[in-house]
Each structure stands twice: as C-alpha cells, then as structure tokens.
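Me: Please take a close look at a single part of this model, one centred on a buried residue and its contacts. Then set the remaining features beside it in one connected account.

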Amino acid sequence: MKIERHAKIVELINQYNIETQEELAERLNKAGFHVTQATVSRDIRELKLTKITVDGGQKYAVVGNHGSTLDEKYLRVLREGFLSMDMAQNILVVRTVSGMAMAVAAAMDAMHWHEIAGCIAGDDTIMCAVRSVDDTLIVMDKIRKILDIK
C-alpha cells in the first residue's frame, strides 16, 4: 500500500500545485488512500520532496539528486504489479495485478520515457499512448529489460 501511495503522491504533485500537507492528504483521501497528516508528513520525508516556487506560490516537487532512489521505487512498483503487455499499433496495453494499474501507470509516467505521451489506468489494465509503432517496440523492450523477460 505504501508503494502505491508514494506513486500516487508523485502523480498528484506532478499534476497539481499542492502547497500544503493538508491539501495533499485531502487529495490522497479523495483518491481512496485513507491517510492522516502524520502519514503524509512521513511520506514527504521518505520521498525527499521539496517545495519550489511557482506562480508566486509554492508547491511540492521531486527535484535534485533523489532520482535514483525514486527510480528504484518506480522500478519496484513496475516489477511487483506487472503481469503482461501487448501492443495495438502505437497503444501499449499493460495488464497488472488487480488494484495495481494506477500505481504502475504513475510509475511509468514518472520515469519520463519520451516515447510515452501518457497512460490511462483502470483497476488492472493500463493503456499507454505511445508516439509511434517503433516507439511501442522500444518501450516493450525497456520493460522486458527491467523485468528481465526474454
């Protein structure tokens, strides 16, 4: 649950200008994660989030040299949730363990692979809009390498 919550936090702070722990807790609760302010505070510390200035205000962000730690978290989410994948031209369909699709999609989005325009997740299925058929093959190869699949 913590891995999924961390992936959702990264997704939320990338999507919205979240200024306070209370606002982050509110968004997490709306997303189905029942958290307290203390849990959010701990998550912020573990994710090594920082506040940056934007449009005259501040927001939480992932910055600095924390990428390798976060990348490992994303890789772990991908490894734990992934079941299979298939392509339909430039759409990559990824099947996950039930309830893990949003976390895996957030992890894939957070890896910032330039081949992927974006991901949409349900409960156990992700549809990734990939820029081209060739890029779909590249993404599938990246996933195979991460998962050590032949």
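Reply: Contact here means that heavy atoms lie within 4.5 Å of each other. The model is a predicted one, and every value below is computed from it.

The part chosen is the surroundings of V139, a residue of helix 6, which covers residues 133-147. V139 counts as buried because its relative accessibility is 0%, and the cut-off for that class is under 20%. With neighbours within four places in sequence set aside, V139 is in contact with L92, W113, E115, I116 and V130. One of these contacts, I116, belongs to strand 5, a run that covers residues 116-121. A further distance can be given for V139: its C-alpha atom is 9.9 Å from that of C128, and the two residues are eleven apart along the chain.

Among the contacts of V139 is E115, and this residue deserves its own description. E115 sits in the loop between helix 5 and strand 5. E115 is buried, because its relative accessibility is 3% and buried means under 20%. Residues up to four places away in sequence are again not counted; E115 then touches A129, V130, R131, D135, I138, V139 and K142. V130 therefore appears in two lists, as a contact of V139 and as a contact of E115, and V139 and E115 touch each other.

The contact between E115 and K142 is also a salt bridge, with 3.0 Å between the closest N and O atoms. This pair joins distant parts of the chain: E115 is in the loop between helix 5 and strand 5, K142 is in helix 6, and 27 residues separate them. The two partners fall into separate accessibility classes: E115 is buried at 3%, whereas K142 is partly exposed at 27%. Helix 6 thus supplies both V139, which is buried because its relative accessibility is 0%, and the lysine of this salt bridge.

Strand 5 leads from this part to the surface. I120 lies in the strand and is exposed, because its relative accessible area is 65% and exposed means over 50%. Together with I91 and M127, I120 forms a nonpolar patch on the surface, and the accessible area of the three is about 290 Å².

The pair E115 and K142 is one of seven salt bridges found in a search of the whole structure. Two others tie helix 1 to helix 3. In one of them K2 pairs with E46, and the closest N and O atoms are 3.1 Å apart. K2 belongs to helix 1 and E46 to helix 3, which covers residues 37-47, and the two are 44 residues apart. Both count as partly exposed, K2 at 41% relative accessible area and E46 at 28%.

In the other, the side chains of R5 and D43 meet at 2.5 Å, N to O. This pair also links distant parts of the chain, with R5 in helix 1, D43 in helix 3 and their positions 38 residues apart. R5 is buried at 13% and D43 is buried at 1%.

Another residue of helix 1, H6, touches a partner from each of these two salt bridges. Its contacts, not counting residues up to four places away in sequence, are D43, E46, L47 and K73. H6 is buried as well, because its relative accessibility is 4%.

On helix 3, R42 is partly exposed, with a relative accessible area of 40%. The C-alpha atom of R42 is 28 Å from that of G122, a residue 80 places away along the chain.

Helix 1 and strand 5 come together again in the account of the largest pocket. This pocket holds about 230 Å³ of space. Helix 1 (2-15), helix 5 (101-110) and strand 5 are the elements that give two or more residues to its lining. The lining consists of 14 residues, and those nearest the centre are E11, Q15, A105, A106 and D109. Helix 1 gives the most, with six residues. Helix 5 and strand 5, the two elements on either side of the loop that holds E115, both contribute to this lining as well.

Note on methods. Residues numbered from 1 in each chain as written. Predicted model: local features only at pLDDT ≥ 70, side-chain atom pairs only at ≥ 80, totals over all residues. Heavy atoms only, no water. Patch = residues over 30% accessible without salt bridge, like charges linked within 9 Å, V, L, I, M, F, W, Y side chains within 5 Å. Areas by Shrake-Rupley, 256 points an atom, 1.4 Å probe, with all protein chains shown as cover. Salt bridge = Lys/Arg side-chain N within 4 Å of Asp/Glu carboxyl O. Helix = DSSP H or I, 4+ residues; strand = E, 2+ residues; numbered from the N terminus. Buried < 20%, exposed > 50% of the residue type's maximum accessible area, 1.4 Å probe, protein only. 1 Å grid on protein atoms, 1.4 Å probe; cavity = no way out; pocket = protein on both sides within 12 Å on 5 of 7 lines; lining within 4 Å. Points joined across faces, edges and corners; volume = space filled by probe spheres on them.
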